[in-house]
Amino acid sequence: MFILDLIQKLYHNVEYVWPDPRTRHYPLVYTPLPYTIVAIFLFFTYYLGPKYMRGRQPYRLEKIVIIYNFLQMIFNGYLVVNVVRLCYWPLRYSLWCQPVETGTSPREVALTDFVWLYYMSKIIDVLDTVFIILRKKYSQLTLLHVYHHAGMILISWCGIKYVPGGQSLITGVTNCFVHVVMYGYYLLTLVDKRYASSWWKKHITQMQMFQFFIICVHHSISAVSDCGYNRYISALVVPCTFSITYLFVIFYWNAYIEPAKKEKRVIKLICRRVIVIFICIYAYIYVFYIKNVLLNRGCQ
């Protein structure tokens, strides 16, 4: 009975207590459909899509993909400009520790709308995978690619449902800016093959890894500090982002470091130190959390 009561209480909190009531009317928020979307995405990626393309010639979708990349670049740029305008220019939000605003002023409602649009953009991003399969570019269909797209749908869903704003806004802005650069690069490579060089890809990958490092550090701050931001969300985001960063490091190593056979020992040393730093940060988060739990129990 204790376990059933605990499960019932947890479900009640997850569905009725912890969510932000302002987002109840948004589509695909107060629903388990994001899990269904991820399941369909994985089923199509690993079974249905390859099975459908077996024995077929790759589709020539260059014009469609050009339009798609252009629209993605505009859409992500639109989110960057508007969130920066509302929060960071001039500086209204803290770059260090920012609580979630729960009011209903026009600015706060607009920010919630942009957080929902960001969540929608993560669902739209799965079209990348659809185009890869239909064009039979299977070399791009890596674990990093699939894990990243599936994980971002669920993380952004938790963001709009429980913490639409606050500490996570700067990380969303950073992610959208990287997507502007990334989709702009994809667009250029389709228009002019001269831009399809490893130099551009290498630096975009570096930008993506730096982005995830910022996200880890930023949410580590809100996990150990009283920012008025849900610590459980930050404690979830940090290991998820670290796992994506780890996959990016492996990809970067295999794509750009291993073939060159240069500075191998230095890069390994840097990677080890980065991993040690992340482990120390995360250990500190949980030590701090456990200490607070014990102190609260002692006070009771």
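## Helix H3 and its partners

In this predicted model, the axes of H3 and H5 come within 12 Å and cross at roughly 165 degrees. H3 and H5 are therefore roughly antiparallel to each other. If you look at the handedness, H3 passes H5 in a left-handed crossing. H3 spans residues 62-87, while H5 covers 127-134.

H3 also meets helix H7, which runs over residues 169-191. Here the two axes come within 8 Å, with a crossing angle of roughly 155 degrees. Angles over 145 degrees count as roughly antiparallel, so H3 is roughly antiparallel to H7. This crossing, too, is left-handed. What kinds of residues make up the contact of H3 with H7? There are 20 nonpolar residues, six polar ones and one charged one.

## What the record says about the membrane

The unreviewed UniProt entry carries the annotation "transmembrane region" for residues 28-49, 70-91, 116-134, 146-163, 169-188, 209-225, 231-253 and 274-290. Two of these spans can be set beside the model.

Residues 28-49 are 77% helix and 0% strand, and the C-alpha atoms at the two ends are 24 Å apart. For residues 209-225 the figures are 94% helix and 0% strand, with the end C-alpha atoms 25 Å apart.

## The largest pocket

The largest pocket is a good place to explore on screen, with a volume of about 1,200 Å³. It is lined by 35 residues, and those closest to its centre are Ile-132, Gln-140, Tyr-185, Tyr-186 and Lys-201. The elements giving two or more residues to this lining are H3, H5, helix H6 (143-162), H7, helix H8 (198-224) and helix H9 (231-257).

Which helix gives the most to the lining of the largest pocket? That is H7, with seven residues. By class, the pocket lining divides into 17 nonpolar, 12 polar and six charged residues.

## The largest cavity

Turning to enclosed space, a search of the whole structure finds two cavities of 30 Å³ or more. The largest cavity has a volume of about 450 Å³. To find it, look for Tyr-118, Ser-156, Ser-168, Thr-171 and Gly-172, which are the closest to its centre of the 28 residues that line it.

At least two lining residues of the largest cavity come from each of H3, helix H4 (106-124), H6, H7, H8 and H9. H7 supplies the largest share of this lining, namely six residues. The lining of the largest cavity holds 20 nonpolar and eight polar residues, and no charged ones.

## The second largest cavity

The second largest cavity holds about 40 Å³ of space. Its lining consists of Arg-22, Tyr-93, Val-100, Glu-101, Glu-108, Leu-111, Thr-112, Pro-164, Gly-165 and Gly-166. How do the residues of this lining divide by class? Four are nonpolar, three polar and three charged.

## Helix H7 in review

Helix H7 turns up in several of these places. It packs against H3, with axes within 8 Å, and gives the most residues to the lining of the largest pocket. H7 also provides the largest share of the lining of the largest cavity. In the UniProt record, residues 169-188 are among the spans annotated as "transmembrane region".

Conventions
Residues are numbered from 1 along each chain as its sequence is written. This is a predicted model: local features need pLDDT of at least 70, side-chain atom pairs count only at pLDDT 80 or more; totals for chains, interfaces and linings use all residues. Side-chain values use heavy atoms; hydrogens and water are left out. Axes are lines fitted to C-alpha atoms, for helices over the stretch in contact, and angles run from 0 to 180 degrees between N-to-C directions. Helices (H or I, at least four residues) and strands (E, at least two) are DSSP runs, numbered from the N terminus. Angles under 35 degrees count as roughly parallel, over 145 as roughly antiparallel, 65 to 115 as roughly perpendicular and the rest as oblique. A crossing is left-handed if the near helix is turned anticlockwise from the far one by less than a right angle, and right-handed if clockwise. Ala, Val, Leu, Ile, Met, Phe, Trp, Tyr, Cys and Pro count as nonpolar, Asp, Glu, Lys and Arg as charged, and the others, Gly among them, as polar. UniProt positions are given in the numbering used here, feature names are shortened, and annotations may be inferred rather than shown by experiment. On a 1 Å grid over the protein atoms alone, a cavity is a set of points where a 1.4 Å probe fits but cannot get out, and a pocket is an open set with protein on both sides within 12 Å along at least five of seven lines; lining residues have an atom within 4 Å of a point. Grid points are joined across faces, edges and corners, and a volume is the space filled by probe spheres set on the points.
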